[in-house]
Structures are given as C-alpha cells and as structure tokens.
Amino acid sequence: MEARRFPCSRQRQVLFLFLFGGVSLAGSGFGRYSVTEETERGSFVVNIAKDLELGDKELLARGARVVSDDNKQHLLLDSQTGDLLTNEKLDREKLCGSREPCMLYFQILMDNPFQIYRIELRVRDINDHSPVFRDKETVLKILENTAEGTSFQLERAQDSDGGLNGIQNYTINLNSFFHIKISGSDEGIIYPELVLDRALDREKQQEFSLTLTALDGGLPPRSGATNIHIVILDVNDNAPQFSQAIYETQAPENSPVGSFIAQVSAGDADSGINADISYSFFDASEDILTTFHINPFSGEIILRLLLDYELVKSYKINIQAIDGGGLSSKCSVWVEVLDTNDNAPELIISSLSNHVVENSPETALAVFRIKDRDSGENGKTVCFIPDHLPFLLKPSVENFYILMTEGALDRESQAEYNITITVTDMGTPRLKTEHNITVLVSDVNDNAPAFTQTSYTLWVRENNSPALHIGSVSATDTDAGANAQVTYSLLPPPDPLLPLASLVSINPDNGHLFALTSLDHEALRAFEFRVGATDRGSPALSSQALVRVLVADANDNAPFVLYPLQNASAPCTELVPRAAEPGYLVTKVVAVDGDAGQNAWLSYQLLKATEPGLFGVWAHNGEVRTARLLSERDAPKQRLVVLVKDNGEPPLSASVTLHVLLVDGFSQPYLPPPEAEAAAAAPADPLTVYLVVALASVSSLFLFSVLVFVAVRLCRRGGAGSAGRCPVPEGHFPGHLVDVSGTGTLSQSYQYEVCLMGGTGTNEFKFLKPILPTVQAQDPGRNSDENPTFRNSVGFNIQ
C-alpha cells in the first residue's frame, strides 16, 4: 500500500496523535482471527498467504514480518508456507486479566510495495481457573429483630477466567432461615446476597454456620467455597450513615507512596459501644488491597503503591462502616488517576536496511512505529530528522513511519550517514527519544579512472640497457573496492609503423614504464603513444593519457669528415701558389657529427704539420689558411694532420691528412706523390734524367693546353648558367653537388661541386679555387672568408 504523504514543516517534523484504541485508516488490510489459550507453541492460527490471496513465495519475496503492539513476539510467521503460528503458550489471564474479550493486536508488514495488514487476534478463554474467595470465613453479625426479607450483601468470589468461564452462580447449603439471591452491577459482575427468610431469636439460636459456593460456567463447571459465620446480635437501633454515598477524587499518577487520596466519614445515632465506627474495604480486589490502605478509625485512604495511568485509569473502592453493635453501611470512592507525562515516546523498528546503493532513486531504509503510552497532549508526538541530511520521513498507516532517501546518493561525496531520529511528545516537561541509524552507501562503478596528468613527458638516454625503468603513469579512481582497482595498458599507436610493442612495456598494476630495447637517438629521437587505465567494475570504465618519450643524445658518434675524402686510394693534394698572402684559404675541412646538441659541436685544430707555423686551422669552421708569406726555403710538399673533435663527454675525435703542394703557378706540374718520394730520392743515371725532363716538358705543354681549354669552357658556362654551378664535362660522369648545411655542426652554409674530367685518361677530379657567388669583380687580394658562402671544386683520383 502506498504511504500517504504527511504535511510537515521545513524541519520535516511530523506530528501524530496516538489515541489508545487506534484509528482504522482506509486502504490497509484488516483481519480477525482467534486462538484458544494454553495451546502449544507452533499451533496453527491462519494461513496469511491464502487469506490475502498472495502467490507462492510472495511473502518471502516481500520480506513479510509480524509486529505486535506490545513488542512481544506472541506469533510467528512462516514466510515459506504463509502459516501464522503461535510462538508461545498464550495465557489469557496474564495477557488481559478480567477483560473480555481478550484481544491482541498485530501488524504484518510487507515491502515492494510497502503494505501493512492489521490483525486482531482474540484469545479464547478455557476454564482453567476455579473461583476463589478472598477469605476462607466471613463473619456476619445480624440483629435479632431484623425483618424477614432483609438481604445482606456478601463478598463475591474471584475467577481469573472470563465470559462463560467466569462466575455464573452462588449457592448456599440448605437451611430454614436464609437463601441466596444473585444481584448484578453496572460492570456486569454478579454479587451474592444473603436473604433472611424467617425471624431470628437470639435466645433460641445465637449463630449459624453456612457454606457459600461460587460456580463458574465452564464444562465441567469449577467451584469455590467459603464459610459464612452468622452471629445474632442484640438490638442495635441505628446503623452508621455515610455523609455521601459516593465519593469522587483525583490522584496524579506520579503521586508518591503515602499520599493522601480521600477520607470517608460516617455517623451513628446510637451511643456507647454501638456508636463506635470502624472503616474497612468491602469486596475489594487484590489490586485495591495492594494499592490503597484505609485507616479504620479516621477513614483516610492512603496510597500504598505507585499509580500508573497507563495500566489503570480509575479505581472504585467499596468502603463499609461498622458500629460497635455490628450494624454497617457502605459507600463507594471513585479514584480517577490523572495522567502525567511520565512516559517518553517509544520508537520501535520494524524493518531496517543499513545499506543503500548509490545513484538509486527514493529507497525505503527503515520502517518504524511510534508509541506513547500517555494520553492527551502528553501522547501527541513530533518526529523529525536533521534537516541537512538527504533523507525524509513519510508517515504510513496508523503510527508507522518510513525513513527514505530523498533521491540518488553519491558515495564519492559521502559514504556514510548517521541519522538521528528524534521523537518528542507535547507534554510538560517534554520527553523525547532518540534513535541513531547508520546508513552505508554502497558503491557502483560510476567514475572512470583519472590520470594525474593528461600527458606525460619522459626522458631516456640513448644506449640504455633493456628493461630500464623510464618513468611511470598514475591514475586514481574515486570508487571503492574492485571498482577502484586500476589496470594499465598500452593502446595501439596511431602510427602503424611504430613498433611500440618492441619499444616499451607497462606494468599493468602500478603503471611503471620500461624500455624493452636499447634506443638510438640518431634513429629515433622521440615517439608518442597512449596508455589506458581501466577499472575492474562492471561495466569497466577507462581513460587515456598521452605519453611522449624523448631519447636524450649520448656522445656515441665520432665526427665524420666529409672533405677531404679519406677513403680514396690516392691522397688529396691541395695547390698553393708561393705568392699567396697570409690568410690565403688553402682548403676547408668539412665534418659532421651524428649526435645532437653539444655532442655535435665540432672544433678543429692542427695536430701535425711539416712546417709548424706555416699553416693554421680555424677552430670553428675548419678552414685551413696560410699563416705567413711563403718563402723559397719552404718545402714544396707539406703534410698537415687536422684533428676534428666534438664537445661531448668524453669527447670523440677524427683526424684527416692534407697534402699541400707549394707551386709557383698552376702551370707547374704536380710533384710526385708522396709514395714516389723514396724512389725519386735515389740517384738516377743521366739518360733517365733526360727522359724525365723531356716527358715533363711534354706533359707540361699538354697540361697547359688542357687548362686553357677548361678555362674557356668555364667562362662560356659562367655566362650562360648560374654562378654557383660547376661546368659539366662532356664525359660520362655528371657533376655531383655536396651540400653541407650550417644548421648542424657548421656555423655557415657551404656548397661543394665535384666535377669529373671526362676528357682525361687519368680519371681525375678537378678542384677549382673558390668562386664567389656574385657577379661583381672581386679583389684578388681579398680573403675569401669575408663571404660566408663559397664553392670549392675538389679533385681526387678514382681507381
């Protein structure tokens, strides 16, 4: 049954008035059943499933349970079969006392949807108690002049049973003077009265002994008896007379023991001993005898036991006054017990769930009942929870409430809530009850792992050892348990040519990254890839991060000399005219370094020279220049060793050997190569000398002709083509351009054009002097290093 919404204030206060007796709310189920008292535990009462027309196992699925008004488990519900069974032997007399019918009230609670089915269980009485008189013998004094037909009320017997099993009749043994008359009261209780049938004569018989028997209506009936001792008295003309037939008084339930309740008073017109009056309780129950005490002389009624409004709301006390002559009269004292706010509200949990799944809609967490045994304003209650919590209270039927979530909860914001339900009555002073409920929010996988950075940059030095730890990535998940356990993986790279699986690996548990192979800065300077972080929830959530690996350079490459070439079978020879000025550019050593950064910064120095001080090498660009004027004393053949060194740690170097010929002009034939020097140094015969001189003359003439031819061709091409081009000979080998950029190891940009002389049979390459890339005439004495861009034609032999 859907709970009705109860209007409440901003503090979510819910006001409910508890009236004893209950109010039946529309829409709730209602059933009346009965069971006989003293039946064994487990006795069948009713099949709730059939009575409610529920399907098999529906009670179990909906979590059905039994809640009683007195918080005692008198009944047991078997959710499997739907049978409602007794949980103990039910004693009607203990449960209800003399109240008839004896009704017990229960509720059956069911969830999904929440529903309350109310039960009234009547405990049927069996005749298991016999009538009992409080006194085994009662003394009754009767005046001898009492008229016939006068009746004397006797104390009734007590029977714990009720209904037909209660007392139904009284009898007395046969005699000729008295008989029993039955009279009733407003409460439906019968009393025995002794009626005088014949006139008494004290002188003939002074006393009688009669047996009064009480019979109940059971089958078979039970009985109890008491002895009535009748004493015949002399004439006492006046019986005591009370000032009031009925006294009414009030006593708060919190009155202390010994408190004054009321005082009765009776007078007697007689004198002497016949006027002496004593007061006593008449036909008093055990409850009255234990709760009150009457002073036999003053008639004051004193409280002997604390009153409890919730147990007994009023008392009727019968008082009799007896004078010294044995005459008596009776009155009644009505004591109304006033309720005080002495009972704090009770909060009884019927159903409780301490866990709620996050992101769930409105969810019922607890079903509870509020009970206050006080009445009036003392029984009105206010129920509320703290306002800042995302929960609310919904009243259901009668005095039941449902604690619910206001909406979806987020475990990551708050995983645990402590809810204090406060119930306060409206009495004075106010009494309150607090009940604490701890609610744990269960996690669902609603948060993907988050990396600490969107991208990571890792550095690793080249030539690293395999399996080197190069860095880590880290992701966190705000969920809990398996939903927060993160697994790392490498994602396929966008570049399918990148062999990522052979370069790096990742530890799936902690995100550590390892280089699988030795990396080479010159082959792979940087690469990127993505890593994924996936949790273990269902479904699993994941996120990505970019990782960029930069391979730091190590000085593992020595400088490499591009010019002059060192792999030729014949050494390279440079020609220098003897008329060259100091600073004349002889040649330029060109080298590169495969490393980067300062590992590729090259410096040049002259390591060895035939004549130290004749030549110098510029440290930053490798230009070899004359350091002074040449003289005739300088050897025509000069051998220079240039060292090229990088700036790494430790530095690596390479050397190159230069052969320089000092000539008077470019028409002078080449001197013998260095390997022929030893043979030339040996003495030769005159014929050999003549042959050599003749051959040299012819060769010089031929060489001169070739040079003139080449010069003419160069001049023609220079006018038609670009100034930076080298004339292409008509042979089979085209010119080849070597370009060295100044952005690497050189401070400037240089171009070298190598031209193969196709018209010679010596397979020579011709190296021309620097040609400036401008059309203006240049001063011959001007140093060629004034222009940073130049072109050299280099000649070398190919075998």
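Is C102 buried or exposed? Select C102 to begin: at 0% relative accessibility, this cysteine counts as buried. Keep in mind along the way that you are looking at a predicted model.

**Stop 1: the disulfide**

Keep C102 selected and add C96. The two cysteines form a disulfide, with their sulfur atoms 1.8 Å apart. A search of the whole structure finds one disulfide, so this is the pair to display as sticks. A disulfide is a covalent bond between the sulfur atoms of two cysteines. Turn the view to look along the S-S bond: the torsion there is about 65°, so the disulfide of C96 and C102 is right-handed. C96 is buried as well, because its relative accessibility is 8% and the cut-off for buried is under 20%.

While cysteines are on your mind, select C331 and C383. C331 has a relative accessible area of 3% and is buried. C383 is also buried, with a value of 0%.

**Stop 2: strands β11, β14 and β15**

Now select residues 167–172, which make up strand β11, together with β14. The two strands run antiparallel and are joined by five bridges. To find one of these places of pairing, label I172 and look across to its bridge partner in β14, L212.

Stay on β14, which spans 207–216, and add β15, which spans 223–233. Here the pairing is antiparallel too, this time over nine bridges. Label T211 and you will find N227 of β15 standing opposite. β14 and β15 form a hairpin, and six residues lie between them.

What kind of peptide bond joins L219 and P220? Zoom in on the loop between β14 and β15, where P220 lies. The bond between L219 and P220 is cis, with omega at about -5°.

**Stop 3: another cis peptide bond**

Next, go to the loop between β31 (416–425) and β32 (432–442), and pick out P429. Add T428 to the selection: the peptide bond from T428 to P429 is cis, and its omega is near -5°.

**Stop 4: two asparagines with positive phi**

Select N359, in the loop between β26 (355–357) and β27 (364–371). Its phi is near 70°, a positive value in a residue other than glycine. With a relative accessible area of 41%, N359 is partly exposed.

Then jump to N463, which sits in the loop between β34 (455–461) and β35 (468–472). This residue is not a glycine either, yet its phi is positive, at about 65°. N463 counts as partly exposed, with 43% relative accessibility.

**Stop 5: a buried aspartate in a loop**

Where is D268 placed? Look in the loop between β19 (266–267) and β20 (278–281). D268 has a relative accessible area of 15% and is therefore buried. Now select D237 too and draw a distance between the C-alpha atoms: D237 and D268 are 31 residues apart along the chain, and these atoms are separated by 9.7 Å.

**Stop 6: a three-stranded open sheet**

Select β44, β48 and β47. In that order they make an open sheet of three strands with antiparallel pairing. The strands at the edges are β44 (585–588) and β47 (615–617); each has a single partner strand, so one side of each is left without a neighbour in the sheet. From one strand to the next, the twist averages 20°.

How many bridges pair β47 with β48? Three bridges link β47 to β48 (residues 623–626), in the antiparallel sense. For a spot to label, choose F615, whose bridge partner in β48 is T626. With side chains shown, there is a general pattern to keep in mind: in a regular strand the side chains alternate between the two faces of the sheet.

**Stop 7: a nonpolar patch on the surface**

Finish with a surface display and select V689, Y690 and V693. These residues make a nonpolar surface patch of about 310 Å². To place the patch, show helix α7 (residues 686–720), where V693 is found. V693 counts as partly exposed because its relative accessibility is 48%, and partly exposed is the class between buried, under 20%, and exposed, over 50%.

Terms used. Residues are numbered from 1 along each chain as its sequence is written. This is a predicted model: local features need pLDDT of at least 70, side-chain atom pairs count only at pLDDT 80 or more; totals for chains, interfaces and linings use all residues. Side-chain values use heavy atoms; hydrogens and water are left out. Patches are made of residues with over 30% relative accessible area and no salt bridge: like charges are joined within 9 Å, nonpolar side chains (Val, Leu, Ile, Met, Phe, Trp, Tyr) within 5 Å. Accessible areas come from the Shrake-Rupley method with a 1.4 Å probe; for residues, only the protein chains shown count as cover. A salt bridge is a side-chain nitrogen of Lys or Arg within 4 Å of a carboxyl oxygen of Asp or Glu. Helices (H or I, at least four residues) and strands (E, at least two) are DSSP runs, numbered from the N terminus. Buried means under 20% relative accessible area, exposed over 50%, partly exposed in between (1.4 Å probe, protein chains only). A disulfide is a pair of cysteine sulfur atoms within 2.5 Å. Two strands pair if DSSP finds at least two bridges between them. Axes are lines fitted to C-alpha atoms, for helices over the stretch in contact, and angles run from 0 to 180 degrees between N-to-C directions.
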